[in-house]
Amino acid sequence: MNYFPDEVIEHVFDFVTSHKDRNSISLVCKSWFKIERYSRQNVFIGNCYSISPERLLRRFPCFKSLTLKGKPHFADFNLVPHGWGGFVQPWIEALARSRVGLEELRLKRMVVTDEGLELLSRSFVNFKSLVLVSCEGFSTDGLASIASNCRHLRDLDLQENEIDDHRGQWLSCFPETYTSLVTLNFACLEGETNLVALERLVARSPNLRSLKLNRAVPLDALARLMACAPQIVDLGVGSYEDEQDSESCLKLQAAIRKCTSLRSLSGFLEAAPHCLSAFHPVCHNLTSLNLSYAAEIHGSHLIKLIEHCKKLQRLWILDSIGDKGLEVVASTCKELQELRVFPTDLHGGGNTAVTEDGLVAISAGCPKLHSILYFCQQMTNAALITVARNCPNFIRFRLCILEPHKPDHVTSQPLDEGFGAIVQACKNLKRLSVSGLLTDQVFLYIGMFATQLEMLSIAFAGDTDKGMLYVLNGCKKMRKLEIRDSPFGDAALLADVNKYETMRSLWMSSCEVTLGGCKRLARKAPWLNVEIINENDNNRMEENGYEGRQKVDNKLYLYRTVVGTRVDAPPFVWIL
Amino acid sequence: MEKDGLELEITELRLGLPGRDVTEKMMKKRGFTEMIMTSSGSNSEQCESGVVSSGVDVEKVNETPAVKTQVVGWPPVCSYRRKNSCKEVSTTKVGLGYVKVSMDGVPYLRKMDLGSSQGYDDLAFALDKLFGFHGIGVALKDGDNCEYVTIYEDKDGDWMLAGDVPWGMFIESCRRLRIMKRSEATGFGLQPRGLDE
């Protein structure tokens, strides 16, 4: 196999960047495995408990970038109790002890501490990029360590984290000589911001491309910041309401006009209805717009803005835009690839802001659409069939009908046929979330047609074990399956134990699986961690002679691992 | 049938703490619910005992709403997003303290304390002062003849013309104010409440 010296092969491998492809390369032969090992720069670990830091370092001694994910996806919806796990500390400690030249750390749904951040900031001289998504456990003190010690920091990107804001001076911890900032996102910080320190930081950061501010940055400060950074590409506006005078507004408008590189706009956490018009001059260049937190802005103003955004590729918006607004999107945004429509009213209170009509309009008007997340009150099979016909290119299709078990509102039928049409038409579908009234039939369709499906989210759906079996047997590429409140039990769980070796994880909560069934599974598959998360009982289950036939009315989370049972599980997690 | 309906409403109204069972409230006639909620007070103990005693009855008669409001993690909106949308609800306190005031053509919001005004006249004066613009006050008093109309969003999310209902009722239900150009108001979909009174 070796017609070329190792360096040449390594050079060729440099062009292969996707994790999947690099994994494939490493399986070709021993020699390629070795070369690939030493040259892998970016490591992706989808489940931090599937492997240990020591094994990571043994396999890839020279990596520069690490991506780690901790809690399962349903943790986003408060289904995983606090303290379950996903601690990054052992990873940082192990990496710090080794000689790896870490430059980038990307964490999702993990528990991070200030001590960990301090250790991180001191251990890696060339550390450049910290991206934390949906993490928790740290405060602005940890950010202060990063700011103080990471001389070559380029990116500090905090997305939707729970950060304890000590209202300290973390922004002023960046040294005066520090000028390499490219990305700064602190939108999720709740507290006050040192505006002077922020302005000075932005003023001395000529490479700054992405700036996302928190609520505490008012209008006049925004104007000054934009005036300092006209090269900005990605802007997250903080607070858009102010007690200031109209002169500030004029200054802001002038500053905005100079930001000719601006392509992405987000934020508007508190926003006045008319504020958006200041951004009209730059709309024609925008490719990404996230107004999904701007609950203050009424549909008519959103529409006025969107009418200017002809190049939009990504739009995140609230359902207050209405079906009419979505029709405007459909006729204006011909380049649209990704759309997310979030619910304004989380309690499903009868306001039919968007319906199936909006979804159909989008599918008809936006030929490049491949990803959608759509919250709505009602749906019909006819609409879904039309959408499938209009848009056979969906890669991600997530539909959430707010009321569980809701049927087609015209025919009162289950929505099996509608979703069936989607999976049949969209041959590249990788991610699917279903909702509404669904029988086992929809899972038959999914198993039959969704050959590329990697992630499936099921809630309040199905009739019998057959539903789950159709999916497990049919979807050969399934990686993550998450199910809640559906009548699937032990028979489905145990039918093909080896299937779980091909998947990253399975989540089942409020289903029909029993403790006995889970125990049997754990016995049959020692290479799985089978966790029962029982936040109420704290292991009273076992003490009280919990009957094996009783339902696990808490949560089952299982995942493949090469390092066995984890040692950091709290008392309410029972690993079988 | 009517009698059952009344009983059901009375027991349902005591379910849970105020603000939690939004779904159920929204399913009932709004006027009726509001009257009962404001008169029964917000003593949380009272509400909880209401749950214990009436829980069984309500669940027997009308299961779906009870199930809906107690489903954890549904709809699947991540907790960060929930917190940020709930913030909006909590800052726009009904009847107490500050409401946001926006005016057409002015790209920033103001906040004002409704509690500091004694009536519509006071409000007119305060609004004039807030925006440095004479004419808003006139709109409140002399509806048809001026360029602007003053509208407010009530507890239920409906937009109403300011000045129709008694002052006490207005400050109880006003969540925010908007001063709108008359020309824009015609297509706006204001609720024609108060005309029958």
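These are my notebook entries on a predicted model, taken one topic at a time.

**Entry 1: chain B overall**

I started with chain B and its secondary structure, and I found ten helices and five strands there. Chain B has 197 residues, and 42% of them are buried. I then looked at how far apart in sequence the contacting residues are. Among contacts in chain B with a separation of 6 or more, 55% join residues 24 or more positions apart. For the surface of chain B, I noted an accessible area of about 10,900 Å². Carbon and sulfur atoms hold 55% of that area.

**Entry 2: cysteines**

How many disulfides does the structure hold over all chains? The count is zero. I wanted to see the reason at one cysteine, and I picked C78(B). Its closest cysteine sulfur belongs to C188(A) and lies 12 Å away, which is too far for a bond, since a disulfide needs the two sulfurs within 2.5 Å. I also checked the burial of C78(B), which counts as buried at 17% relative accessibility. C174(B) is buried too, and its relative accessible area is 0%.

**Entry 3: the start of chain A**

I turned to the annotation next. UniProt, in an unreviewed entry, places the feature "domain: F-box" at residues 4-45 of chain A. In the model, that stretch is 62% helix and 10% strand. The C-alpha atoms at its two ends are 31 Å apart.

Is F4(A) buried or exposed? F4(A) is exposed, with a relative accessible area of 52%. I located F4(A) in the segment before helix 1 (6-13) of chain A. Together with Y3(A), V8(A) and V12(A), F4(A) makes a nonpolar surface patch of about 450 Å².

**Entry 4: salt bridges**

My tally over all chains came to 24 salt bridges. I looked at three of them in chain A, and then at a network.

I took D234(A) and K212(A) as my starting pair, with closest N and O atoms 3.5 Å apart. D234(A) sits in strand 10 (residues 234-239) of chain A and K212(A) in strand 9 (residues 210-212) of chain A, so the bridge ties together parts that are 22 residues apart in sequence. D234(A) is buried at 15% relative accessible area, whereas K212(A) is partly exposed at 22%.

My next pair was R224(A) and D220(A), whose side chains meet at 3.9 Å, N to O. How many residues apart are they in helix 9 (residues 219-228) of chain A? They are four residues apart, which means a separation of about one helical turn. I noted R224(A) as partly exposed, with a relative accessible area of 38%. D220(A) is buried, with a value of 19%.

The last pair I checked was E454(A) with R479(A), with closest N and O atoms 3.1 Å apart. Both partners are in loops: E454(A) is between helix 17 (440-449) and strand 18 (455-459) of chain A, and R479(A) is between helix 18 (465-474) and strand 19 (480-484) of chain A, so the pair ties together parts that are 25 residues apart in sequence. E454(A) is buried at 11% relative accessible area, and R479(A) is partly exposed at 27%.

I also found a network: R22(A), E36(A), R40(A) and R59(A) are joined by salt bridges that share partners.

**Entry 5: S509(A)**

I found S509(A) in strand 20 (residues 505-509) of chain A. S509(A) is buried, with a relative accessible area of 3%. Which residues does S509(A) contact, leaving aside its neighbours within four places in sequence? I listed L79(A), I483(A), R484(A), D485(A), N554(A) and K555(A).

**Entry 6: helix 12 of chain A**

I closed with helix 12 (residues 299-306) of chain A. Why is this helix largely enclosed by the rest of the structure? Six of its eight residues are buried, so I count helix 12 as largely enclosed. The buried ones are G299(A), H301(A), L302(A), I303(A), L305(A) and I306(A).

I then looked up what these buried residues pack against. Within chain A, the partners are helix 11 (280-283), strand 12 (288-290), strand 13 (314-318) and helix 13 (322-332). Chain B contributes strand 5 (176-181) to the packing.

Terms used: Residues numbered from 1 in each chain as written. Chains lettered and ligands numbered in written order. Predicted model: local features only at pLDDT ≥ 70, side-chain atom pairs only at ≥ 80, totals over all residues. Heavy atoms only, no water. Buried < 20%, exposed > 50% of the residue type's maximum accessible area, 1.4 Å probe, protein only. UniProt positions renumbered as here; feature names shortened; annotations may be inferred. Patch = residues over 30% accessible without salt bridge, like charges linked within 9 Å, V, L, I, M, F, W, Y side chains within 5 Å. Areas by Shrake-Rupley, 256 points an atom, 1.4 Å probe, with all protein chains shown as cover. Salt bridge = Lys/Arg side-chain N within 4 Å of Asp/Glu carboxyl O. Contact = heavy atoms within 4.5 Å.
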